There are 2 protein chains.
Amino acid sequence: VKVLHGRLGKVSLVGAGPGDPELLTVKGMRALRTAEVVLYDRLVSPRLLDEAPADAERIQVGKHGGHYSFPQDKINRLLVERARRGMNVVRLKGGDSFLFGRGGEEVRFLREHGIPCEVIPGVSSALAAPAAAGIPLTERGIASSVAIVSGHQVKDARNPVCWSSLASAADTLVVMMALRNLRSIVHQLIINGRSLTTPAAAIQSATTPHQRVVVSSLRDIAEEAERQGLVSPVLLIVGEVVHMADSRPVQGSVADEPAKSVQGMGR
Amino acid sequence: VKVLHGRLGKVSLVGAGPGDPELLTVKGMRALRTAEVVLYDRLVSPRLLDEAPADAERIQVGKHGGHYSFPQDKINRLLVERARRGMNVVRLKGGDSFLFGRGGEEVRFLREHGIPCEVIPGVSSALAAPAAAGIPLTERGIASSVAIVSGHQVKDARNPVCWSSLASAADTLVVMMALRNLRSIVHQLIINGRSLTTPAAAIQSATTPHQRVVVSSLRDIAEEAERQGLVSPVLLIVGEVVHMADSRPVQGSVADEPAKSVQGMGR
């Protein structure tokens, strides 16, 4: 390991939480406030970036719609390079790093290059978005299991999702980044045996001022989300627990302004 | 609604995170620091309780080994009663309230009684424990889906887990509170088609000074966890991603002292 300036920095992979900047952990906040470099994704709140020291270097390495504008190997090399300069590096990712966050790839690369790293878990939108819509993922007598997939993988041949077994395997199904392939996802679920009348909720920009919740049936959720003009990021929840969604936004789950809550038809 | 003292308090359901008190969210910390009453579960860190004001009332309503020493209806009634006294109530639950936390039941009861409530999501041990063991839940080309169940439900007739579909549905399977029924869980997974040689990890007290990680095969994990003397709470991870577990504890994922990491046989 070649160390410039005599000291090896470290990399903290910090889960930034689902959107509301106050859903960052206390530990994540401390790492951010002592960062010398912050590499952040597009979905990370600008208010969080303001928490880093004024003179910290800020590098956006975001993805957009599932496409990485900044290739993963370039991110990996940047992390190593800055740490070798002796800098405290924070890699700030939306949600949690280890659930569809590719944190595993970064940790492995850093280890292979002898860079000290720590993982600071975050609140995933897979959990926070249902909470913000008043939907528990599990509920006694209604749902005792949860499955989580990413909607971007519907058409990813290298990383296929086995919808035939997944469609009905868990009582509650959560699909992250669901909007772009929403019709395909719904189609896969239905042809693999999930009932057309299963309640479904599409949650846009959970825990932010832009939060919107559309509730419908599995059959109608894609059309309804389109009609209501939802924009990414959208999380889809399928299962009987959706019946517990409350049209009143859950107080305190939103950062700045009251959330807009939209009830679709089909309930 | 009968309001005593003229003002209706509110209830904040706060996810306390997986163990390390610094994995509480900034928002959860603020709620805790202004609480007048804290109802907390047994697994919540004492260091978190110290963050509540010195004169705040503290009530342990914990469960032990899946058995509620304090019945849910009594918790519900306490929340309503204290809010009606005009108090700011924090309901502090290990992990996240809406994933096997029965937060849904409490929110519904509070709404039915006209009590304002907010849900502040937390870092679930379902995500944090794998992170602390260096195991990503998803990984390109290896795992594109995750299923989460609670091990306490293996023998819960009112709330059965459908192991036949769940065993192989998702690439990565996470079983929370897995220790007590570990042999039954492994048995169910194997008879329902999960390979004996699937890598498995048992993680005790993740993100705390008592963290221990045992890595083995699905066939041997129960025996190995027993041999190593793991104690609850234990989270089980089954799937190829376990191959990425690092015997070195991930720095910073543990609160006070270096974690003990134990490698089992069968890797």
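A: Let's start with a word we'll need: a residue is called buried when its relative accessible area is under 20%. Keep in mind that this is a predicted model.

Q: Okay, so is Phe100(B) buried or exposed?

A: Compare its value with that cut-off. Phe100(B) has 15% relative accessibility, so it counts as buried. You'll find Phe100(B) in the loop between E6 and H4 of chain B. Its C-alpha atom is separated by 29 Å from that of Gly141(B), which lies 41 residues away along the chain.

Q: How do I read burial for a whole strand, say E6 of chain B?

A: Go through the strand residue by residue, then look at each side. Strand E6 of chain B covers residues 89–93, and 5 of its 5 residues are buried. On one side sit Val89(B), Arg91(B) and Lys93(B), on the other Val90(B) and Leu92(B), and both faces are covered.

Q: Which strands does E6(B) pair with?

A: Look for bridges, and check the direction of the strands too. Strand E1 of chain B, residues 11–15, pairs with E6(B) in the parallel sense over 5 bridges. One bridge links Gly15(B) with Lys93(B) of E6(B). Strand E2 of chain B, residues 37–40, also runs parallel to E6(B), and the two are joined by 4 bridges. In that pairing, Val38(B) stands opposite Val90(B).

Q: Now a helix. Which residues of H4 in chain B are buried, and what do they pack against?

A: Here you list the buried residues, then see which elements they touch. Helix H4 of chain B spans residues 103–112, and its buried residues are Gly103(B), Gly104(B), Glu105(B), Glu106(B), Val107(B) and Leu110(B). These pack against E1, helix H3 (72–84), E6 and strand E7 (117–120) of chain B. Just after H4(B), have a look at Gly114(B), which takes a positive phi of about 70°.

Q: What about aromatic rings? How many aromatic pairs are there over all chains?

A: The count comes to 0 aromatic pairs over all chains. But rings can have charges over them. In chain A, Lys74(A) lies over the face of Phe70(A), 4.5 Å from the ring centre. In chain B, the charged end of Lys74(B) sits over the ring of Phe70(B), also 4.5 Å from its centre.

Q: How are chains A and B related?

A: Try laying one copy on the other. A rotation of 180°, with 0.0 Å of shift along its axis, superposes chain B on chain A with an RMSD of 0.0 Å. The two copies are thus related as by a two-fold rotation axis.

Q: And how do I describe the place where they meet?

A: The size of an interface is often given as the accessible area lost when the parts come together. Between chain B and chain A, about 5500 Å² is buried, and carbon and sulfur atoms give 54% of that. Phe98(B), Arg111(B) and Arg140(B) supply 13% of the area that chain B buries against chain A, more than any other three residues. You can count residues as well: 66 of chain B are in contact with 66 of chain A.

Q: Why do we say the copies meet through the same surface?

A: Match up the two lists of interface residues. Of those in chain B, 100% are also interface residues in chain A, so the copies meet through the same surface.

Q: Last one: what does chain A look like overall?

A: Count its elements, then its buried residues. Chain A has 8 helices and 13 strands. Of its 267 residues, 62% are buried.

Methods: Residues are numbered from 1 along each chain as its sequence is written. Chains are lettered from A and ligands numbered from 1 in the order in which they are written. This is a predicted model: local features need pLDDT of at least 70, side-chain atom pairs count only at pLDDT 80 or more; totals for chains, interfaces and linings use all residues. Side-chain values use heavy atoms; hydrogens and water are left out. Buried means under 20% relative accessible area, exposed over 50%, partly exposed in between (1.4 Å probe, protein chains only). Two strands pair if DSSP finds at least two bridges between them. Rings of Phe, Tyr and Trp (its six-membered ring) pair if their centres lie within 6.5 Å; planes under 30 degrees apart count as stacked, over 60 as edge-to-face and the rest as tilted. A charge sits over a ring if NZ of Lys or CZ of Arg is within 6 Å of the ring centre and within 35 degrees of the ring normal. Copies are superposed by least squares on the C-alpha atoms of residues with pLDDT of at least 70 in both. Contact means heavy atoms within 4.5 Å. Buried area is the accessible area (1.4 Å probe) that two parts lose on being put together, summed over both.
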